[in-house]
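Me: Hey, can you walk me through this protein? I'm new to reading structures, so plain words please.

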Amino acid sequence: MGAGSLDIEIRGERLTLMPERAVWWPSRRTVLVADLHWGKAETMRTAGVPVPRGTVHKPLARLSDLARRLDPDRILVLGDLLHAGAGLTDDIVEDVSRWRLDFAPEIQVIPGNHDRALGRVAERWGLTEADRVVIETPFAFTHDPADAPDGEFSWCGHLHPSVRVSGRGDSLKLPCFFVGEDMGVLPAFSTFTGGGGVPRDLAGSIYACAGDGVVAFSGAC
């Protein structure tokens, strides 16, 4: 386990918050990630926005690195693996297909609001499409916190939570995990996407991803 990770306990289960913007659930040998938004750059390029090609390579490498270190049985994606159907260019489909040949863990995807084209690549990429809500007691997993069921601790994505660190006239926005009484929200795994705050109506702890570490944070979102 990386020195910068942080262990927490929820409902009798130990979980590790990773600086790579993932959660490790060791008793189920499962890595949780959310909001990867593969194909976002390609989608923007089709709209004429001059962004670089090949932005999927770094997140693929980050997943491969996590797999080498943790040896998980499963990657559970809490929605928005894809950004849009327009981003599924021949190049990105082929790049992910080649990567998948050497990436052994099961990839299970809870569909998010951006995953409408998931069926086009599910078989080729070796993906298992799950229900909108997956319950594995003591947790539930879904994309949108609005879909979280009662009675379980729910892990979600969708919000891209972040916190702003300010000092001496400068500020920096950091992706973060939010962990409340009955809900945890993962930061976007993608580094090529914006970050929102933590909703004011949720009370809980904030853990910021700062470089190679995860740190408990107190301050304005």
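Reply: Sure. Let's begin at Pro-138, which sits in the loop between strand E8 (133–136) and strand E9 (139–142). Keep in mind that this is a predicted model.

Me: OK, and what kind of peptide bond joins Thr-137 and Pro-138?

Reply: A cis one, with omega at about 15 degrees.

Me: Let's zoom out. How many helices and strands does the protein chain have?

Reply: The chain has 3 helices and 15 strands.

Me: And what are the dimensions of the box its C-alpha atoms fill?

Reply: Roughly 45 × 45 × 35 Å, taken along the principal axes. The radius of gyration is 17 Å, and that agrees with the value near 17 Å for a compact globule, because the chain has 221 residues.

Me: What share of the residues is buried?

Reply: Buried residues account for 53% of the 221. As for the surface, the accessible part comes to about 10,400 Å², and 47% of that belongs to carbon and sulfur atoms.

Me: What about charges, how many positive and negative side chains are there?

Reply: There are 23 positive and 30 negative side chains. The centres of those two sets lie 7 Å apart.

Me: And what about contacts between residues that are far apart in the sequence?

Reply: Take the contacts between residues at least 6 apart in sequence: 66% of them join residues at least 24 apart.

Me: Got an example of that sort of thing?

Reply: Try Ala-208 and Cys-176. They are 32 residues apart in sequence, yet their C-alpha atoms are 4.1 Å apart in space.

Me: Where is Ala-208?

Reply: Ala-208 belongs to strand E14, which covers residues 204–210.

Me: Is Ala-208 buried or exposed?

Reply: Buried: its relative accessible area is 1%, so it falls under the 20% cut-off.

Me: Which residues does Ala-208 touch?

Reply: Not counting residues up to four places away in sequence, Ala-208 touches Val-163, Leu-174, Pro-175, Cys-176, Gly-213, Val-214, Val-215 and Phe-217.

Me: Any other alanine worth a look?

Reply: Ala-130, in the loop between strand E7 (127–129) and E8. Ala-130 is buried too, with a relative accessible area of 12%.

Me: So what is Ala-130 in contact with?

Reply: Leaving aside neighbours within four places in sequence, Ala-130 contacts Gln-108, Val-109, Ile-110 and Pro-111. For Ile-110, the C-alpha atoms of the pair are separated by 5.0 Å, with their positions 20 residues apart along the chain.

Me: Switching to helices. How many residues does H2 have?

Reply: H2 has 14 residues (57–70). From first C-alpha to last, H2 reaches 20 Å, close to the 20 Å expected at 1.5 Å a residue.

Me: Which residues of H2 are buried?

Reply: Pro-59, Leu-60, Arg-62, Leu-63, Ser-64, Leu-66, Ala-67 and Leu-70.

Me: And what do those buried residues pack against?

Reply: They pack against four strands and a helix, namely E2 (13–18), E3 (22–25), E4 (30–33), E5 (74–77) and H3.

Me: Can we look at one of them, say Ser-64?

Reply: Ser-64 is buried, with a relative accessible area of 16%. Beyond its neighbours within four places in sequence, Ser-64 is in contact with Trp-99 and Phe-103.

Me: Where does Trp-99 belong?

Reply: Trp-99 is one of the buried residues of H3, along with Ile-92, Val-93, Asp-95, Val-96, Ser-97 and Arg-100. H3 spans residues 90–101 and reaches 17 Å from first C-alpha to last, close to the expected 16 Å.

Me: What happens just after H2?

Reply: Asp-71 comes there, and it takes a positive phi of about 50 degrees.

Me: Which other residues have a positive phi?

Reply: Arg-11 is one, with a phi of about 50 degrees although it is not a glycine. Arg-29 is also not a glycine, and its phi is about 45 degrees.

Me: Where are those two arginines?

Reply: Both are in loops: Arg-11 lies between strand E1 (6–10) and E2, and Arg-29 lies between E3 and E4.

Me: How exposed are they?

Reply: Arg-11 is partly exposed, with a relative accessible area of 44%. Arg-29 is partly exposed as well, at 31%.

Definitions and conventions: Residues are numbered from 1 along each chain as its sequence is written. This is a predicted model: local features need pLDDT of at least 70, side-chain atom pairs count only at pLDDT 80 or more; totals for chains, interfaces and linings use all residues. Side-chain values use heavy atoms; hydrogens and water are left out. The radius of gyration is taken over C-alpha atoms; the globule rule is 2.2 Å times the number of residues to the power 0.38. Buried means under 20% relative accessible area, exposed over 50%, partly exposed in between (1.4 Å probe, protein chains only). Contact means heavy atoms within 4.5 Å. Accessible areas come from the Shrake-Rupley method with a 1.4 Å probe; for residues, only the protein chains shown count as cover. Lys and Arg count as positive and Asp and Glu as negative; His and the chain ends are not counted. The place of a charge is taken as NZ of Lys, CZ of Arg, CG of Asp or CD of Glu. The expected span of a helix is 1.5 Å times one less than its number of residues.
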